[in-house]
Structure formats: structure tokens, C-alpha cells
Amino acid sequence: MVNLENFNKIVEQLPQGVKLIAVSKTKPVEEILHLYHAGQIAFGENRTQELHQKHAELPNDIEWHFIGHLQSNKVKYIAPFVSLIHSIDTFKLLQEVDRQAKKLDRKIPCLLQFHIATEESKFGFSYNECEEMLKSDTFQLLQNAEIVGVMGMATFTDDVELVRQEFRNLKAFFTTLKEIFFNGNPLFKEISMGMTNDYQIAIEEGSTMIRVGSAIFGERFK
Ligand SMILES: *Cc1c(COP(=O)(O)O)cnc(C)c1O
């Protein structure tokens, strides 16, 4: 069930320059529509098939964000309509996004996902891996995949100071990359960080996009 009270509270407290992505993964189209009619336009999904289906059934002006681990062979299912891919974690994936975007004669905005958590399981670049990619000649050849910023997920923990430090690290990566590789590029400006449990800390640490699911749609059961 959509919790409109929580939704309104989050929207009211959102500082200028911070955008809410309502994470609707596993939730039915009726609930997405409910929130859409309450004014929410940007939604986040983490499965290509589910996103493809929901896109077909829901209003055309919804802005769809892909936030989960993305396999290269599935990019084609979302390439025609996706607004932003938050989860670029390999050069191979970025190349495939570029290839599909070229075919469609469009640009696809992308975020570079960094591994900032202490947990082993989370996807993402290390700073050095990312720098190596950005320096490479093959990276310079990309034309249709557009890097507009960075994304990261903090450790799932009650340790507020650890979470804060991880968000600070992501912000520092962003600032360094901006200086070295995206200087004077106005497109490179997004820092996607913060979920239900930590979005307030993320905003304090410079987030420009929070991805909030369960606080708005309730707990997920799958
Ligand atoms: C599921 C998910 C979210 C939202 O998580 P909540 O804790 O429900 O707010 C945000 N980002 C990513 C990458 C996710 O997979």
C-alpha cells in the first residue's frame, strides 16, 4: 500500500536540487499510478523485464530510472525509453548501452556505480578501475552513452558514522572525477545516494538523487 503521508513528508523536506526517485520494484502498476496521480513522475526499477512491462502499461510521461544490476544482453529491452541508468558497473556494460543508444539515435544518460560499502556483495567500480576506464582510448569513442554522475549504496547498518563516511567517499570521487575528466562539462552533476534508511544522511552529504522504496510503498515481500 502506498503511504501518501510518508511520501508527502519526504517531498516537503526535499531540499532544492535533490530529486526523489520512487523505487517501485515488485510493486503493482495500480500503486505506481496512485503515486503518479499524487504528483510523482520519476520511478526506479531493478529488473529489465518488469520495467519493460510496467512501461508498456503506464502513462508515457513517467520517467523510468534503472537502478539494479544490469546485464549487457538485457540493455536492449530498456534502451528505447529509459531516462537514466544508475548502475553502470563495467566498461563492457557502458559500451553496450552506447551501442544500443546509437541504434536508436538517442543519448542515454548513465551514472557510474561505485563500490562504497564494506560489504562484499555490492556491485560497482573502485576508484582506480573507474579512472583507468575514463583514461582509456576506447572510452573516448563512446558517443551516445552520456555520463552524468555517480551512484553508490552504503553498507546496510545502524552505524550512522560508517554510512556517512561512505557517502563522503562517493562525494569525493565525484569531485575528483569532475576536476580531472569532466571539467567544464555541465552534464556531469548527479550524485545518486540515499535509500529509505539513510536518505537523510545522504542529503546532508551532498546527494542530488535519493532512491526511496519501502518508506513510500511499504515493505517488499519478494
Ligand atoms: C531497492 C533499492 C532501493 C530502495 O530501497 P528502500 O530501502 O526500499 O528504500 C534503492 N536503490 C537501489 C539500488 C535498490 O535496489
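This passage describes the ligand site, one strand pairing and several individual residues of a predicted model.

The ligand is a good place to begin. Its surroundings are formed by Val23, Lys25, Ile67, Met151, Met153, Met195, Thr196, Arg211, Val212, Gly213, Ser214 and Arg220. By residue class, this shell divides into six nonpolar, three polar and three charged members. Polar side-chain atoms approach the ligand from several of these residues. Arg211 places one such atom 2.9 Å from a ligand nitrogen, while Ser214 has a polar side-chain atom 2.6 Å from a ligand oxygen. Arg220 also takes part, with an N or O atom of its side chain 2.7 Å from an oxygen atom of the ligand. On its own the ligand has 390 Å² of accessible area, and the protein covers 92% of it.

Two of the residues around the ligand, Arg211 and Val212, lead on to strand S8, which spans residues 209–212. In a regular strand, side chains point alternately to the two faces of the sheet. In S8, Met209 and Arg211 lie on one side, and Ile210 and Val212 on the other. Both faces of the strand are covered, since these four residues are all buried. Arg211 is thus a residue of a covered strand that also has a polar side-chain atom 2.9 Å from a nitrogen of the ligand. Strand S8 pairs with strand S1 (residues 19–23) in the parallel sense, over four bridges. Within this pairing, Ala22 of S1 has Val212 as its bridge partner in S8.

The loop between S1 and helix H2 (29–37) contains Thr26. Most residues other than glycine have a negative phi. Thr26, which is not a glycine, has a positive phi of about 70 degrees. With a relative accessible area of 23%, Thr26 counts as partly exposed, a little above the 20% under which a residue is called buried.

Thr26 is also one of the residues in contact with Lys54, a member of helix H3 (residues 48–57). Is this lysine buried or exposed? Lys54 has a relative accessible area of 5% and is therefore buried, the limit being 20%. Leaving aside neighbours within four places in sequence, its contacts are Ser24, Lys25, Thr26, Lys27, Val29, Ile32, Glu45 and Trp64. With Ser24 there is a polar contact as well: the Lys54 side chain reaches the backbone oxygen of Ser24 at 3.0 Å. Lys25, another contact of Lys54, is among the residues that surround the ligand.

Three aspartates offer a contrasting view. Asp105 sits in the loop between helix H5 (91–103) and strand S5 (108–114). Its phi is positive, near 55 degrees, in a residue other than glycine. Asp105 is exposed, because its relative accessible area of 69% is over the 50% limit. Asp137 belongs to helix H7 (residues 137–140) and is likewise exposed, at 63%. Along the chain, 104 residues separate Asp137 from Leu33, and their C-alpha atoms are 44 Å apart. Asp158 occupies the loop between strand S6 (145–152) and helix H8 (160–180), and at 77% relative accessibility Asp158 is exposed too. From Asp158 to Asp198 the C-alpha distance is 9.3 Å, across a sequence separation of 40 residues.

Definitions and conventions
Residues are numbered from 1 along each chain as its sequence is written. This is a predicted model: local features need pLDDT of at least 70, side-chain atom pairs count only at pLDDT 80 or more; totals for chains, interfaces and linings use all residues. Side-chain values use heavy atoms; hydrogens and water are left out. Helices (H or I, at least four residues) and strands (E, at least two) are DSSP runs, numbered from the N terminus. Buried means under 20% relative accessible area, exposed over 50%, partly exposed in between (1.4 Å probe, protein chains only). A polar contact is a pair of N or O atoms within 3.5 Å; within protein, one must be able to donate a hydrogen and the other to accept it, and residues adjacent in sequence count only if both atoms are side-chain atoms. Contact means heavy atoms within 4.5 Å. Two strands pair if DSSP finds at least two bridges between them. A residue is near a molecule or strand if one of its heavy atoms lies within 4 Å of it. Accessible areas come from the Shrake-Rupley method with a 1.4 Å probe; for residues, only the protein chains shown count as cover. Ala, Val, Leu, Ile, Met, Phe, Trp, Tyr, Cys and Pro count as nonpolar, Asp, Glu, Lys and Arg as charged, and the others, Gly among them, as polar.
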